[in-house]
Amino acid sequence: MTDQNQPKPGDPCWVDLYTSDLDRSIAFYGELFGWTADRAGEEFGGYVTFRKDGLAVAGAMGRMAGEESPEQWTIYLASSDAKATADKALAHGGSVFVAPMAVGDLGSMAVLGDVGGASIGVWQTGTFGGFETRALVNDGQWRDHAGAPSWFELHTRAYDASLDFYRSVFGWQDTFTISDTPEFRYTTIHAQSPMLGGVMDAAAFMPEGVPAGWTVYFGADEVDKTIAKLVELGGTVLSAPEDTPYGRMAAVADATGARFSIGGDTA
């Protein structure tokens, strides 16, 4: 297993939430996953670090007055040089939404657009390496996962072009194609367990007008019980829980509308 605070280039290393109601989001995820929240000072824009059992699992930032960006979770991939990664993205047909910038001595970040239109974050480690706890999925079984990020998945209409983009820009080299049929095309970021996430060809089922995008999965000991709690807290079920060869999963939105997924072992 790779040290979670020393991620390999191209590996998912952090997620953060952009929300119109930071206080409500803190309360929501605190009740749902048992997260605590540390607020940074004004020099970091009041950025929130969520912790599970004292370990960093995710971040959050409140939407500024007058901004109209959607409620969303952003996934960050590790990079040894954020500026070089941004330059590669432009050279391979992507775009730069947030130019590379230093975040104190913690590291450097950027937000890019891939060739399929999905946004993806970049994190260059300084004193902060990213996840201090993360769920693992080994041979379809979820381990040590309750309330922790566990899987990272891109849904895109530009499947082949997106894979080429991430291989070129982020250095994905050991990807593994799980299926390549017209009904189901899916490639994982790594070929060996523990895997970290994957890319799905969503052209056949993604509704018109819905953009390509990355989704983070958070683990749950009891998926149905967690879903019931989410609804009680004001969240929404977008896709009901179902058993799959990779566990029990559901797509949901939090109390302000940010989408994510929940996964756990099949009952």
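Q: In this predicted model, which strand pairs with β11 in the parallel sense, over five bridges?
A: Strand β11 has two partners to consider, and with β15 (residues 213-219) the pairing is antiparallel over six bridges. The parallel pairing, joined by five bridges, is instead made with a strand covering residues 197-201. Within that pairing, Thr-156 stands opposite Asp-201, and the strand concerned is β14.

Q: Which residue of β15 is the bridge partner of Glu-153?
A: Strands β11 and β15 run antiparallel to one another and are joined by six bridges. Along β15, Tyr-217 is the bridge partner of Trp-151, whereas the partner of Glu-153 is Thr-215.

Q: Is strand β11 largely enclosed by the rest of the structure or not, and how many of its eight residues are buried?
A: In the order of the open, eight-stranded mixed sheet, β12-β13-β14-β11-β15-β18-β17-β16, strand β11 stands between β14 and β15. The edge strands, each pairing on one side only, are β12 (176-181) and β16 (236-244). Strand β11 (residues 149-156) is largely enclosed by the rest of the structure, because the number of its eight residues that are buried is seven.

Q: What angle does the direction of helix α4 make with β18?
A: Two helices can be placed against strands of this sheet, and α1 (residues 22-33) touches β15 and β18 (259-264), with a direction about 10° from that of β18. Helix α4 (residues 223-232), by contrast, lies across β16, β17 (247-253) and β18, and its angle to β18 is about 150°.

Q: How many charged residues are there in the contact of α2 with α3?
A: The axes of α2 (residues 82-91) and α3 (residues 159-170) come within 9 Å and cross at roughly 145°, in a right-handed crossing. Thr-85, Lys-88 and Ala-89 of α2 meet Phe-165, Ser-168, Val-169 and Phe-170 of α3. Of the residues in this contact, four are nonpolar and two are polar, and the number that are charged is one.

Q: How many residues does the largest nonpolar core have?
A: Nonpolar side chains tend to be buried together in soluble globular proteins. Phe-170, which touches Leu-77, Leu-112, Ile-120 and Val-122 among others, is one of the residues with the most contacts inside the largest core, as are Trp-35 and Trp-214. A second, separate core has five residues, including Tyr-186 and Met-200, while the count for the largest core is 61.

Q: Is Asp-53 buried or exposed?
A: Asp-53 belongs to the loop between β3 (48-52) and β4 (55-62), and its phi is near 55°, a positive value in a residue other than glycine. Most residues other than glycine have a negative phi. With a relative accessibility of 71%, against a cut-off of over 50%, Asp-53 counts as exposed.

Technical notes
Residues numbered from 1 in each chain as written. Predicted model: local features only at pLDDT ≥ 70, side-chain atom pairs only at ≥ 80, totals over all residues. Heavy atoms only, no water. Buried < 20%, exposed > 50% of the residue type's maximum accessible area, 1.4 Å probe, protein only. Helix = DSSP H or I, 4+ residues; strand = E, 2+ residues; numbered from the N terminus. Pairing = 2+ DSSP bridges. Core = buried A, V, L, I, M, F, W, Y, C linked by side-chain atoms within 4.5 Å. Contact = heavy atoms within 4.5 Å. Axes fitted to C-alpha atoms, helices over the stretch in contact; angles between N-to-C directions. Left-handed = near helix turned anticlockwise from the far one by under 90°. Nonpolar A, V, L, I, M, F, W, Y, C, P; charged D, E, K, R; others polar. Lists of a residue's contacts leave out its neighbours within four places in sequence.
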